[in-house]
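Let's work through a few short exercises on a two-chain model. Keep the sequence and the 3D view open, and try each task before you read its solution.

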Amino acid sequence: MMDFEESLREHTDRFTLTPSRRVWNSIYNDLHPGSKWPSKSISLMLLFSIIIVGNVNIGYRKSNPSLLISTQNNFSNKETLQNTSTHQQKKNNSHFITAYQATSHATNQGIPEPLLIPVDNDLQPTPFDDLTSAVLTKKQSLNNSLKGYSTNSIPLKSINPANKTYNSDINNQAVVANTSPEQLEILTVQIPILGIKMPDMDKLNAGELINPQTQIPSAVAMNKDGNENKESQPSVAKISLKKIRKGAWTFYLNPSISSARFTAAPLSQSNISNTSPLMVSAPNITANRQYNARLSLSVGATSTLPINDRFQFTSGLMLTYLGYQTTSNFIHPTFADLILKDKTGSTYLKSYITHYGNGLGYGQIQLNNYSYQFAVPIGLQYSIINNQKINWEIGSSIAPSVVIAAQSYILSAEGRNYLTDPGLGRRFNLLANFESFVTFKSSGIKWQIGPRFGYQVFSSFKNMNPEREHFFDYGLKIGITGK
Amino acid sequence: MTEENILQGCLENHATAQEALYNRFSPKMLGVCYRYAHNREDAEDMLQEGFIKVFAQIRQFKNTGALEGWIRKIIVHTCINILKKNKKFSDSVDIIHADNIHMNDHNIPSLLQAKQVVECIRILPLGYRTVLNLYAIEGFSHREISEILDIEESTSRSQYTRARGLLEEILIKKKILQKPREKLKMVSGAGV
């Protein structure tokens, strides 16, 4: 090197400038964007709260029978209800309902005694309840109760069988609430009593028992002595069919195989639009990217809310890891270029230093491309088969996602090297999921198992990078549904 | 904090270590950026983008060389990339447009020597200045410069020859450089 250059370098090397604080603040904010998280967290919390509140409201409708049964309340036995241990019943989370003893529990006078049927659901009566009919929740409970009394039964209402109106009715009627999570519907059940042979309750099919509007038989409350409470008036209760939809949470694990799909190749140097006319175009090497799939995993929770008999709305939270491996080889540090696009669509060159070549020579290495995303899926499920033992459903969802961490190796413009640039990564994306699964009960646990396919809708890179990378995965969803 | 500790901290994405690294090298690197930039604001923008890349690519640094040299390389490339986004830069490295340089004494600032030299370099047209920076100060070969700037190697040589001639002329006028031109040695303490 000549003296001039040496001297010039010596002088310029001594030259320093102190940057303003703004520079470091900008760098810090870029490196540690944690300060943006509170607002995002609050947004997610808000969304989550809306889902929860929605579910709670549905649950409240179910737990408050007064919202379900509309009657003309003329009973005067509210006191009886209040005087008895209704509150205790609430504590015990069970209550009892009246029906008529069908055969074996008839009294000596031939007057059927009130039959107390324990119900172990959470449809709890309140003093304000107008239970002019028996409310059952489970067929089995009803069936068991008909076989014998429960010793700690507490009558909520007594019905005078001598009532003509009532006696004229052969069929007593009761409301059966089937509270199994998948069939939460208030059902009106006609229960034959008074010498009429009782049907086998095990064969009761909920679907066959629905009676949208039922005239409740007249009933007269009785006092402790068994006398008729004359203040009690026969009541005709109109029970309108109200379907209770209860959401359920499913917690799932989805081991899968993930890879990537490239819908656009990187631009070669001949695509640069705003460089010097004397620029030498590099040969456009069409290099093939060699990459392999790898194991990935998604975990999450989904809340389902029935829309009708077949469709369910789903929402939830999901954390997913997607990735694939690129086959590369170590090289001496070298410069590699990317052709990027600016906002106006013009292309420009950006140079990087990289250690990774696109070859299969010595020093082969597998570069890990990955993406951790936190997503909020929203979608629909459709029941293809829906019976007591097994359900078969298909579903799809879209999930706006936040990229928590990601790394993707980009093929350079010459196709000779791989390089990374976190600044080119997209912060927000959209995941699409398709799944089909069966639901069944085993050992008291409700399982969901079925295949699932996921696809990342937007490229992992910002639009400035013409190369388009879309992760996808296919695997097996294993879920447990809670009540 | 030793350089090793700083490096380890940066690898673990610790803000304290990152700030220490920044504080240690940013003044010098801003000086580098300043030689390429139009003004100080542009130089700071270059520095900011350059350091973000430094922290992003810190895992790729092998302990075989000096950390300062590695950072400087990234900063220089960042400067070039930013300049290349500008259409004027592309034109300025074209030898045809760089021919008519008109200098007068008003352009030469009177500053301390190190800064004087830098300011004299900054007087040069953008294309000249960039090639001179890359060749004479950063030590790239003309072949490497031609690849970095996407120009012919001969263009780089011509640009440098003209840049050097012009800079000498400026330095002599400022009495930073001694005559006769054959010696081309800077006067120590000139202008102080």
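The exercises below go from whole chains to the contact between them, then to cores and a single residue.

This is a predicted model, in which local features need pLDDT of at least 70 and side-chain atom pairs count only at pLDDT 80 or more, while totals for chains, interfaces and linings use all residues. Residues are numbered from 1 along each chain as its sequence is written, and chains are lettered from A and ligands numbered from 1 in the order in which they are written.

**Exercise 1. Describe the make-up of each chain.**

Step 1: Look for helices and strands, which are DSSP runs (H or I, at least four residues, for helices; E, at least two, for strands) numbered from the N terminus. Chain B has 9 helices and 0 strands, while chain A has 7 helices and 19 strands.

Step 2: Look at burial. A residue is buried if 20 or more other C-beta atoms, placed from the backbone, lie within 10 Å of its own, exposed if 12 or fewer, and partly exposed in between. In chain B, 45% of the 192 residues count as buried; in chain A, buried residues make up 35% of 483.

Step 3: Look at contacts (C-beta atoms, placed from the backbone, within 7 Å). Of the chain A contacts between residues at least 6 apart in sequence, 72% join residues at least 24 apart. For chain B, residues 24 or more positions apart account for 59% of the contacts with a separation of 6 or more.

**Exercise 2. Describe how the two chains meet.**

Step 1: Count the residues. Chain B brings 47 to the contact and chain A brings 37.

Step 2: Find the main supplier in chain B. H2(B) gives the most to the side that touches chain A, with 11 residues.

Step 3: Sort that side by class. Ala, Val, Leu, Ile, Met, Phe, Trp, Tyr, Cys and Pro count as nonpolar, Asp, Glu, Lys and Arg as charged, and the others, Gly among them, as polar. The side of chain B that touches chain A has 22 nonpolar, 11 polar and 14 charged residues.

Step 4: Pick out one helix pair. Helix H2 (residues 21-31) of chain A and helix H3 (residues 40-56) of chain B pack at about 35 degrees, with axes 9 Å apart. Axes are lines fitted to C-alpha atoms, for helices over the stretch in contact, and angles run from 0 to 180 degrees between N-to-C directions. Residues making this contact include A:Ile27 and B:Phe51, and its residues divide into 7 nonpolar, 2 polar and 2 charged.

**Exercise 3. Locate the largest nonpolar core.**

Step 1: Recall the term: a set of buried Ala, Val, Leu, Ile, Met, Phe, Trp, Tyr and Cys residues joined through C-beta atoms within 7 Å.

Step 2: Find its centre of contacts. Among its 58 residues, B:Cys33, B:Cys79, B:Leu132 and B:Leu167 touch the most other members. The largest share, 10 residues, comes from H2(B).

Step 3: Follow one member. Beyond neighbours within four places in sequence, B:Leu167 is in contact with B:Cys120, B:Ile121, B:Leu124 and B:Leu132.

**Exercise 4. Is A:Phe458 buried, exposed or partly exposed?**

Step 1: Place the residue. A:Phe458 is in the loop between strand S18 (445-456) and strand S19 (468-481) of chain A.

Step 2: Use the count. A:Phe458 is partly exposed because 16 other C-beta atoms lie within 10 Å.

Step 3: List partners. Leaving aside neighbours within four places in sequence, A:Phe458 is in contact with A:Arg426, A:Asn429 and A:Leu430.
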